[in-house]
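Q: Please take a close look at the helix packing in this model and at the pocket that goes with it. Which helices meet, at what angles, and through which residues?

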Amino acid sequence: MEKINTILYKSINEENIEVLVRDFYSQVLQDSVLSSFFIEKLGDNFQGEKWEEHLLLLTDFWKFVALGYEEYDGNPLRPHFDIPGLTTEAFTRWLTLFHTTVDTLYVPSIAIYFKEKSNNIASNFIRKLNL
């Protein structure tokens with residue numbers, strides 16, 4: 001059953017970033033364009049240990065991006081070099097799903113903030129990956 005959020009978040013905090021990451025990646029796992037990239041690396045069990053590690057890492061990444069938290073010290077670009085078949089179309093699909101997710105979770109001003117950040121990140125990745 002699809003979760004419908006009737007209350008839009010009016011601010012960004014640790015808790016709703018975790019909701020964002022988990023809601024978004026549960027959709028990614030179901031997406032015909034994106035799921036294979038993730039299933040190959042993490043498996044198809046969203047409740048599994050590999051997925052949980054990835055979700056925690058991505059939650060820390062978005063807390064770093066949106067809130068300036070320093071728990072994230074990874075290199076988000078690096079793993080993308082090892083993904084065979086990655087295309088600009090996959091990034092476009094990722095952005096479409098991400099934008100839809102932030103629109104369902106946040107008031108417009110915050111959704112726009114996340115959209116701008118994600119667009120910048122994706123553009124940077126596409127450029128650096130020579131896609």
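**Helix packing and the largest pocket**

A: In this predicted model, helix 4 and helix 5 are roughly antiparallel to each other. Helix 4 covers residues 88-105 and helix 5 covers residues 108-128; the two pack at an angle of about 170°, with their axes 9 Å apart. An angle over 145 degrees counts as roughly antiparallel, and therefore this pair falls into that class. The crossing of the two helices is right-handed. On the side of helix 4, the residues in contact are Thr88, Phe91, Trp94, Leu95, Phe98, His99, Val102 and Asp103. They meet Ala111, Phe114, Lys115, Ser118, Asn119, Ala122, Phe125 and Ile126 of helix 5. By class, this contact of helix 4 with helix 5 has ten nonpolar, four polar and two charged residues.

Helix 5 also packs against helix 3, at an angle of about 110° and with the axes 11 Å apart. That angle makes helix 3 roughly perpendicular to helix 5. Here too the crossing is right-handed. From helix 3, Phe61, Trp62, Val65 and Ala66 take part, and from helix 5, Tyr113, Phe114, Lys117, Ser118 and Ile121. The residues of this contact of helix 3 with helix 5 divide into seven nonpolar, one polar and one charged. Phe114 and Ser118 of helix 5 thus appear in the contact with helix 3 and also in the contact with helix 4.

Helix 3 has a further partner in helix 1, which spans residues 14-28; these two pack at an angle of about 130°, with their axes 9 Å apart. Helix 1 and helix 3 are therefore oblique to each other. Helix 1 passes helix 3 in a right-handed crossing. Helix 1 contributes Glu14, Ile17, Glu18, Val21, Arg22 and Tyr25 to the contact, while helix 3 contributes Trp51, Glu52, Leu55, Leu56, Leu58, Thr59, Trp62, Lys63, Ala66 and Leu67. This contact of helix 1 with helix 3 comprises ten nonpolar, one polar and five charged residues. Trp62 and Ala66 of helix 3 belong to this contact and to the contact with helix 5.

The largest pocket involves several of these elements. Its volume is about 620 Å³. Its lining consists of 25 residues, of which Tyr25, Phe38, His54, Pro76 and His80 lie nearest the centre. Helix 2 (35-42), helix 3 (49-67), helix 4 and helix 5 are the elements that give two or more residues to the lining. The largest share, five residues, comes from helix 3. By class, the lining of the largest pocket divides into 20 nonpolar, three polar and two charged residues. Tyr25, one of the residues nearest the centre of the pocket, is also part of the contact of helix 1 with helix 3.

Notes:
Residues are numbered from 1 along each chain as its sequence is written. This is a predicted model: local features need pLDDT of at least 70, side-chain atom pairs count only at pLDDT 80 or more; totals for chains, interfaces and linings use all residues. Side-chain values use heavy atoms; hydrogens and water are left out. Axes are lines fitted to C-alpha atoms, for helices over the stretch in contact, and angles run from 0 to 180 degrees between N-to-C directions. Helices (H or I, at least four residues) and strands (E, at least two) are DSSP runs, numbered from the N terminus. Angles under 35 degrees count as roughly parallel, over 145 as roughly antiparallel, 65 to 115 as roughly perpendicular and the rest as oblique. A crossing is left-handed if the near helix is turned anticlockwise from the far one by less than a right angle, and right-handed if clockwise. Contact means heavy atoms within 4.5 Å. Ala, Val, Leu, Ile, Met, Phe, Trp, Tyr, Cys and Pro count as nonpolar, Asp, Glu, Lys and Arg as charged, and the others, Gly among them, as polar. On a 1 Å grid over the protein atoms alone, a cavity is a set of points where a 1.4 Å probe fits but cannot get out, and a pocket is an open set with protein on both sides within 12 Å along at least five of seven lines; lining residues have an atom within 4 Å of a point. Grid points are joined across faces, edges and corners, and a volume is the space filled by probe spheres set on the points.
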